[in-house]
Amino acid sequence: MRLRMTTAGESHGPGLSCIVEGLPAGLLLDREALDEDMARRQLGHGRGGRMRIERDRVEVTAGVRHGRTLGSPVALQVANRDHGNWAERMSPWPVDAEIPEVHLPRPGHADLAGLLKYGHRDVRDVLERASARETAARVAGGAVAKALLRALDVEVRSHVTRIGDVATDVRPRELAAFAAVDESPVRCLDPEAAAAMVDHITRQRKANESIGGVWEVVVLGLPVGLGSHVSWEERLDGRLAAAVCSIQACKGVEFGDGFALAARPGSAAHDEIFPGLVRHTNHAGGLEGGMTTGEPLVIRGAMKPIPTLTRPLRSVDLGTGEAAAALRERTDSCVVPAAAVVGEAMIALVLADAVLRKFGGDHLDDVRAALAAYRERCAALVPVAAA
Ligand SMILES: Cc1cc2nc3c(=O)[nH]c(=O)nc-3n(C[C@H](O)[C@H](O)[C@H](O)COP(=O)(O)O)c2cc1C
Ligand SMILES: C=C(O[C@@H]1CC(C(=O)O)=C[C@@H](OP(=O)(O)O)[C@H]1O)C(=O)O
C-alpha cells in the first residue's frame with residue numbers, strides 16, 4: 001500500500017490515535033474541515049448518551065507544519081472526554097481499587113469470540129477496542145485523505161437511503177444536492193422519508209429495539225483507471241469492499257445497482273458506450289474490471305441493528321456458565337447516519353491510496369502533474385468521431 005492508515009485506542013481510554021503514512025508533501029490541511037467531519041460523525045437521530053459527552057476534535061502531533069504536510073507520517077489524536085469518568089477502570093497501570101469485571105457477552109458484539117480468542121476473563125478487555133468509538137480515529141485519517149482527493153478535484157459525499165423498513169429512492173448525484181444532506185437528522189435528502197425514518201427510530205428505541213439501515217457514498221471527479229484488472233489484489237472493488245465491511249456493524253456492500261443486477265438480463269445491466277466515450281447510465285457504479293470508469297463511484301453499506309439492546313438478549317454468564325441476560329449498558333440505537341460518514345472516510349482512504357499508487361510523487365505538485373499528463377494521454381488515445 002502506498003497510503004497506510006492505522007488506529008490505536010480504546011473507547012474509554014485516554015484517547016484515540018491515527019497515523020497516516022505515505023502522503024505527499026505540500027498538501028494543505030484545513031483544520032475546520034477536519035473538525036467538521038469529526039462533528040458530522042457524532043450526529044444523527046438515534047445516537048446515545050455518549051455523544052452528549054464527547055466533542056471530537058483533531059490534534060495534529062506530527063507530519064504537518066503551518067498547515068501543510070511535510071511528507072512524513074501524519075499523527076492525529078482525538079481525546080476521549082469520557083475517560084475522566086473511567087480513569088481507574090481504564091488505567092494503563094494497576095490500581096488499588098477493585099474493578100468489577102464484565103461476564104455477560106452481547107450477542108452480535110465482539111465480546112464472546114474476542115474473550116475466548118485472546119484468553120481474557122473480563123469482556124471489557126475486548127469491548128473497549130471493538131467499540132466503534134475507534135471510527136472517530138478513522139474519520140480523522142479519512143479527512144486527511146479527503147483533503148488529498150479534494151486537491152485533485154475529487155469529492156466524497158454520503159447520504160442515507162434506508163433506516164429499518166423505511167427506504168427512499170431519492171438519490172443526490174450532484175455536489176450541490178448533497179448540501180441538504182447534512183441538514184437532515186438522518187442524512188437523508190428526501191424530507192418525507194427522513195421524517196418517517198426519525199419516527200421509526202424513535203418508536204423502535206422506545207420499544208427497546210435497535211435499528212439498522214443502508215448508507216450510500218458517491219464520489220465525483222475520479223479519473224478513469226484507478227485500480228487494475230491485472231491481479232485480484234489490485235482490483236479496486238475488492239479493496240473498497242474490504243474497507244467498507246471493516247466498519248463495525250456493516251454487513252453488506254454494493255456497487256452501483258449491486259444485488260439488483262443479479263435479477264436483470266445483461267441488456268439492462270450494463271452501461272453502453274457512445275461516441276466521445278460517453279455513458280448514459282451508471283449501473284456499474286463507476287467500476288468495471290476493478291477499475292474506475294470515470295463515472296461517479298456509487299457504493300452502499302448495509303448496517304445491521306446495534307447489538308446492545310436496552311431489553312437484553314439471552315446470553316450466558318461466563319463466571320457461572322448459567323443462562324443470563326446480556327450486558328446492558330448505555331448504547332446508540334441507530335448509527336446509520338454516523339456510519340455513512342465513516343464510509344466516506346474509509347472510501348476516501350482507499351481512493352487516496354489508489355491515486356498515489358498511480359500518480360504518487362513526493363510533492364503534491366508531482367501528483368497533480370502526473371494526473372494531468374495521464375488525462376491528456378487518455379484523451380488522445382481514441383479519435384473523436386465527426387458529428
Ligand atoms: C458509529 C457506530 C456506533 C456504534 N455504536 C454502538 C453502540 O452504541 N452499541 C453497540 O452495541 N454497538 C455499536 N456499534 C456496533 C458495534 O461496534 C459492532 O456491532 C461490534 O463492534 C461488532 O462488530 P460487527 O457488528 O461488525 O460484528 C456501533 C457501530 C458504529 C459504526
Ligand atoms: C463512543 C462512540 O460510539 C460508541 C460505540 C459503541 C460500540 O459498542 O461500538 C458503544 C457506545 O459506547 P458507550 O458505551 O461509551 O456509550 C457508543 O457510544 C463513538 O461513536 O464515538
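This briefing describes the fold, the annotated sites and selected local features of one protein chain.

The structure is a predicted model. The protein chain averages a pLDDT of 96, and 99% of the residues score at least 70. For the complex, the predictor reports an ipTM of 0.98 and a pTM of 0.98. Ten helices and 17 strands make up the secondary structure of the protein chain.

**Overall dimensions and packing**

- The radius of gyration of the protein chain is 22 Å, which agrees with the value near 21 Å for a compact globule of 387 residues.
- Along the principal axes, the C-alpha atoms of the protein chain fill a box of roughly 80 × 50 × 40 Å.
- Of the 387 residues in the protein chain, 39% are buried.
- Among contacts between residues at least 6 apart in sequence, 71% join residues at least 24 apart.

**Binding-site annotation at Arg-41 and Arg-47**

- An unreviewed UniProt entry places the feature "binding site" at Arg-41 and Arg-47.
- Arg-41 lies in helix H1, which covers residues 31-42, whereas Arg-47 lies in the loop between H1 and helix H2 (50-53).
- Arg-41 counts as buried because 28 C-beta neighbours lie inside 10 Å, where 20 or more are required.
- Arg-47 has 19 other C-beta atoms within 10 Å and is therefore partly exposed.
- Leaving aside neighbours within four places in sequence, Arg-41 is in contact with Thr-135, Ala-136, Val-139, Ala-338, Val-341 and Val-342.
- On the same basis of excluding residues up to four places away in sequence, Arg-47 touches Asp-332, Val-335 and Ala-338.
- Ala-338 thus appears in the contact lists of both Arg-41 and Arg-47.

**Binding-site annotation from Arg-129 to Arg-330**

- The unreviewed UniProt entry also places the feature "binding site" at Arg-129, Ala-130, Ser-131, Gln-248, Ala-249, Gly-289, Lys-304, Pro-305, Ile-306, Pro-307, Thr-308 and Arg-330.
- These positions are spread over 202 residues of sequence and are also spread in space, up to 44.4 Å between C-alpha atoms.
- One of them, Ala-130, lies in helix H4 (residues 124-130).
- Ala-130 counts as partly exposed because it has 18 C-beta neighbours inside 10 Å.
- Beyond its neighbours within four places in sequence, Ala-130 is in contact with His-109, Ala-110 and Gly-114.
- Another annotated position, Lys-304, lies in the loop between strand E15 (297-303) and strand E16 (314-316).
- Lys-304 has 15 C-beta neighbours inside 10 Å and so counts as partly exposed.
- With neighbours within four places in sequence left aside, Lys-304 is in contact with Gly-212, Ala-249 and Lys-251; of these, Ala-249 is itself listed in the annotation.

**Packing of helices H8 and H9**

- The axes of helix H8 (residues 236-245) and helix H9 (residues 336-359) come within 9 Å and cross at roughly 145 degrees.
- The crossing of H8 and H9 is right-handed.
- H8 contributes Leu-236, Arg-239, Leu-240, Ala-243 and Val-244 to the contact, while H9 contributes Gly-343, Met-346, Ile-347, Leu-349, Val-350 and Ala-354.

**Backbone conformation at His-66 and Asn-208**

- Most residues other than glycine have a negative phi.
- His-66, although not a glycine, has a positive phi of about 50 degrees.
- His-66 is found in the loop between strand E4 (64-65) and strand E5 (68-69).
- With 6 other C-beta atoms within 10 Å, His-66 is exposed.
- Asn-208 is likewise not a glycine and has a positive phi of about 60 degrees.
- The loop that holds Asn-208 runs between helix H7 (191-206) and strand E9 (213-220).
- Asn-208 is exposed because 12 other C-beta atoms lie within 10 Å, and the class takes in residues with 12 or fewer.

**Surroundings of Gly-286**

- Gly-286 is placed in the loop between strand E12 (278-279) and strand E13 (287-288).
- Gly-286 counts as buried, with 26 C-beta neighbours inside 10 Å.
- The C-alpha atoms of Gly-286 and Pro-296 are separated by 5.3 Å, although the two residues are ten apart along the chain.
- Apart from neighbours within four places in sequence, Gly-286 is in contact with Leu-222, Gly-256, Thr-292, Thr-293, Glu-295, Pro-296, Leu-297 and Val-298.

Key. Residues numbered from 1 in each chain as written. Chains lettered and ligands numbered in written order. Predicted model: local features only at pLDDT ≥ 70, side-chain atom pairs only at ≥ 80, totals over all residues. Helix = DSSP H or I, 4+ residues; strand = E, 2+ residues; numbered from the N terminus. Rg over C-alpha atoms; globule rule 2.2 N^0.38 Å. Contact = placed C-beta atoms within 7 Å. UniProt positions renumbered as here; feature names shortened; annotations may be inferred. pLDDT = per-residue confidence, 0-100. Axes fitted to C-alpha atoms, helices over the stretch in contact; angles between N-to-C directions. Left-handed = near helix turned anticlockwise from the far one by under 90°.
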